[in-house]
Amino acid sequence: MNPLSVVVRTVCDLFAWFMIVFGVNVLLHGYVTPGGGFQGGAIIATFTAFLLVAYGGKRVAARVNNKLFDLFEEIGLIVFFILAFLGFPITFFFNFMARPLAESASGILPGVGTVALMSAAVGLEVTGALSLIILTMHKGIRMFKVEPLEQETGHER
Amino acid sequence: MIANAPFLLVGLLFLGGMIAIFMEKNLVKIAIAISVIGSSVNLFLVALGYRNGGTVPIHYMAGENTVMVLPTPQAMTLTAIVIALATTALLLSLIMLVYRHYGTLDIDEIRRLRG
Amino acid sequence: MKKTVFIAAAILLGAFITGALDVVHPFGDPLEVPMDDYFIANALNDISAENIVTAIVFDYRGFDTIGEAAVLFTALTAVSVLLREGRKKP
Amino acid sequence: MNWNDHLPALLLAIPLFGAFVAPVASPFGRTTRNALLASFSFLTLLVSLFLLRHTLTNGIAVYVMGGESFDLTLPLGMKLPVRIIMEVDAFSAFMAVCGSIASFAGALFSMNYMEKFTGLGRFVSLYFLLTVGMLGMMITGDMFNFFVFLEISSIASIGLIAFWRDRPEAVEASIKYMLISQVSSMVFLIAAGALYGKYNVLNMAAMGALIKPGTLEKLALVFLVGTLAMKCGAFPLHMWLPDAYAEAPSGVSCLLVAVSQASLYGLMRVCFSLYGVNLGGAFIPWAMIVMGLSSMFFGVAMAVVQHDIKRLIGYHSVSQVGYMLLGLGVGMLVLTDARGMAEYGFTAIKGGIFHIFNYTMYKALLFLAAGAVYYTTGKRDLNELGGLARRMPFTTGMFVIAAAAISGLPPFNGFVSKLLIYESAFAVHPALTVVALVTSVLTLASFVKVFQTAFLGPERSAFATVREVPTAMLFGMGVLTLAVLVATLFPSWTLSYLVEPAARALVDQAGYVGAVMGGGL
């Protein structure tokens with residue numbers, strides 16, 4: 001993909017960051033407002049798509065580190081799994097931090113307990129996974145430039 | 001009958017997707033048709049959950065109104081959308097590979113495995 | 001010939017589905033919804049979640065969500081398996 | 001807390017955790033990766049065996065995901081379950097044991113088989129996800145959750161079938177499977193959604209209690225049966241199956257066999273436990289019988305003419321699935337008829353379930369043996385193979401055992417299950433047995449051909465350096481051989497202690513419903 005004109009790039013510079021802020025907002029307030037982990041994560045992942053469209057594949061591939069998204073995705077998944085696992089003395093997925101409405105008026109962590117934490121973890125995972133899917137598929141275009149297609153070793157004895 | 005128009009629309013969308021899958025020869029168009037079918041299923045699930053006069057299932061937004069649309073289909077749709085997204089990404093990657101190997105997207109010419 | 005059969009099958013399937021959807025329940029008027037009423041009545045009191053859909057996604061049907069996260073992870077893994085850079089033949 | 005109560009959750013949690021940590025662990029090198037693959041699949045096998053023991057002694061195990069207590073299926077003041085419930089009866093546990101044995105054997109085999117290829121961390125991850133999808137389909141008790149696991153297993157198998165993405169055939173097989181599986185899972189979701197819209201429950205047992213015969217139910221049943229039969233490779237849309245099995249790496253083909261059995265499990269669950277006495281006439285049972293007969297016959301007819309050894313075995317899969325559909329269809333035919341059920345129906349169901357076990361074991365073993373041949377010679381075409389018996393004695397021996405079992409030669413386990421199916425199908429109509437017998441003879445002929453051309457005959461000069469495969473691969477095949485031999489040497493023990501409880505659990509709709517809904521219904 002070639003970079004687009006300077007107008008698009010400037011607009012991207014100005015506004016793409018709001019995407020992340022808005023996504024994090026949607027993600028963290030999933031338990032009170034419309035939204036949640038998936039929606040917020042998808043909005044944040046749009047940032048990667050923006051960069052890819054505005055700046056072109058070469059610059060993004062040089063600047064953006066796939067390891068970061070890998071880390072996001074793994075941390076999200078494993079945190080989600082561990083949160084589910086922590087309910088184990090009772091049941092898998094038991095919401096062990098939840099409190100009824102009457103008791104949860106104060107405190108930093110709201111009474112929803114694992115719902116908010118899982119939502120954040122899933123948001124992280126979706127951000128990483130969607131960005132990586134976009135970047136990987138974009139990188140896959142290189143296949144059409146290599147001739148012949150890189151062969152695997154190991155089929156022959 | 002006319003009140004059930006949303007369900008009929010879902011059926012029509014599904015029918016259109018099915019016909020496109022069988023009629024089209026281009027793999028990308030088939031991928032689009034599969035997405036259309038996925039959307040029709042999501043639309044169906046959301047339409048199942050509507051209640052006349054219902055509000056959004058969020059307590060402080062609904063106010064005093066206690067009639068809410070059903071929340072379970074919305075949760076199911078959320079899951080189904082993510083699944084459809086994942087499968088679309090995978091399908092498009094496979095189509096890229098097919099084009100790389102066969103040099104065509106015509107489904108009739110991709111036939112090394114017949115017989 | 002083959003095409004006609006396929007189109008007939010598609011139309012049959014579509015008509016079946018349209019017919020099935022028509023008899024689910026009248027649009028906008030589900031008759032009895034004990035499960036959803038349970039969610040609406042209890043989500044706020046049990047776990048103090050204002051947003052019932054989020055409460056369902058992450059608590060009542062949380063196991064679906066880990067499956068969904070796994071689907072996304074699977075798709076990512078499969079995409080990166082398909083488009084990976086292989087070793088060149090020596 | 002008692003770990004026995006949490007076995008259903010652990011059965012899914014262990015391979016899921018293995019899948020999540022595989023990308024983290026794989027940079028640490030080959031030994032770590034192989035240890036992860038072997039240990040987690042062995043743990044899964046162990047948990048599934050414990051689960052089987054638990055269900056055989058204590059009856060149906062239910063597990064409420066996220067409930068206040070694992071067996072509190074109905075929340076206070078509710079007549080219907082609201083949370084996701086895992087429901088494991090003897091049949092589910094039996095299937096889970098079959099699946100995890102195949103998964104363990106394939107994992108052991110893949111450690112050496114795949115070592116020359118790239119992307120192995122991702123391979124391990126996908127392998128575990130395929131296992132999770134399969135086991136989840138087998139033990140879940142919730143319609144929508146079943147759909148989620150169906151999608152996990154189909155996406156993971158698509159990734160694994162196209163794992164050798166530099167082979168055009170693998171990509172083609174994968175895309176063929178993907179188109180079919182996507183359409184079918186969407187139709188499945190429509191049917192599940194329609195049932196939800198009518199009854200407002202998603203739990204299968206609760207739905208089974210509420211369901212009444214009607215137009216919507218009939219259409220939904222047709223959709224469910226059609227999609228699940230398509231996914232398990234029955235006749236009209238079986239075309240994806242031989243391609244996919246042949247082009248996947250062999251360790252994966254071994255697991256894919258078990259995955260298609262999971263779809264068959266879903267089919268049986270829908271017909272017996274969800275609909276049960278409300279099946280409404282003989283249409284669905286007869287459709288299943290006809291589907292079974294035509295799968296049998298066309299599968300074996302296509303198999304006889306194949307030259308590619310893995311494709312040949314793949315076509316035999318179609319024909320073997322036909323046997324199970326025949327057996328279970330005959331059982332379904334007399335579901336409401338107590339006399340017929342006692343006379344021949346229960347025998348047919350036992351035969352079908354025993355055949356599921358036998359089929360999974362010997363077919364997985366055949367795929368692994370074909371993979372071993374491919375590993376050492378690099379060839380899959382029968383015309384280029386020959387004289388391998390002296391070079392690879394262990395592989396040859398195990399191949400002979402599996403081939404004898406699949407052809408139904410008398411002392412082997414395939415014979416026992418086929419005999420049960422023959423005698424019960426004969427009570428319905430003699431023509432059914434005739435088709436089944438002809439299929440069996442053709443199967444024998446085709447495997448004699450394979451054995452004769454690939455393993456016997458003069459030694460080829462090209463294979464002078466061929467040696468027996470590494471030990472881990474032999475262990476992988478050995479696990480399956482052991483399972484085949486146990487079922488061969490102790491058929492009456494297997495039948496009465498494993499198969500009969502499973503058959504009883506499958507037929508017992510009231511028990512399945514009652515475990516969730518309480519005794520009140």
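**Exercise 1. Check the length of helix α4 (residues 62–82) of chain C against its expected span.**

Solution. Helix α4(C) has 21 residues. The expected span of a helix is 1.5 Å times one less than its number of residues. That rule gives 30 Å for α4(C), and its end C-alpha atoms are 30 Å apart, so the two agree. Helices here are DSSP runs of H or I with at least four residues, strands are runs of E with at least two, and both are numbered from the N terminus.

The model is predicted: local features need pLDDT of at least 70 and side-chain atom pairs count only at pLDDT 80 or more, while totals for chains, interfaces and linings use all residues. Residues are numbered from 1 along each chain as its sequence is written, and chains are lettered from A and ligands numbered from 1 in the order in which they are written.

**Exercise 2. Describe the fold, burial and confidence of chain C.**

Solution. Start with the elements. Chain C has four helices and zero strands. From the N terminus on, the order is α-α-α-α.

Next, the dimensions. Along its principal axes the C-alpha trace of chain C spans about 65 × 45 × 15 Å. Its radius of gyration is 23 Å, whereas a compact globule of 90 residues would have one near 12 Å. This radius is taken over C-alpha atoms, and the globule rule is 2.2 Å times the number of residues to the power 0.38.

Then burial. A residue is buried if 20 or more other C-beta atoms lie within 10 Å of its own, exposed if 12 or fewer, and partly exposed in between; C-beta atoms are placed from the backbone. In chain C, 56% of the 90 residues count as buried. In α4(C), 21 of 21 residues are buried.

Last, confidence. pLDDT is the predictor's confidence in each residue, from 0 to 100. Chain C has a mean of 81, and 92% of its residues reach 70 or more. Within chain C, helix α1 (residues 2–22) is lowest at a mean of 75, and α4(C) is highest at 92. The model as a whole scores ipTM 0.93 and pTM 0.94.

**Exercise 3. Work out what chain B brings to its contact with chain C.**

Solution. Two residues are in contact if their C-beta atoms, placed from the backbone, lie within 7 Å. By that test, 39 residues of chain B meet 38 residues of chain C. On the chain B side, α1 (5–23), α2 (27–48), α3 (59–62) and α4 (71–102) each give two or more residues. The most come from α4(B), with 15 residues. By class, this side has 29 nonpolar, nine polar and one charged residues. Nonpolar covers Ala, Val, Leu, Ile, Met, Phe, Trp, Tyr, Cys and Pro; charged covers Asp, Glu, Lys and Arg; the others, Gly among them, are polar.

**Exercise 4. Lay out the pairing of strands β1 (residues 61–64) and β2 of chain D.**

Solution. Strands pair if DSSP finds at least two bridges between them. β1(D) and β2(D) pair in the antiparallel sense over four bridges. A61(D) stands opposite V88(D). V64(D) stands opposite I85(D).

Now take the faces. In a regular strand the side chains alternate between the two faces of the sheet. In β1(D), A61(D) and Y63(D) lie on one side, V62(D) and V64(D) on the other, and all are buried. In β2(D) (residues 85–88), I85(D) and E87(D) share one side, M86(D) and V88(D) the other, and all are buried.

**Exercise 5. Classify R504(D) by burial.**

Solution. R504(D) is in helix α18 (residues 491–507) of chain D. R504(D) is partly exposed, because 16 other C-beta atoms lie within 10 Å.
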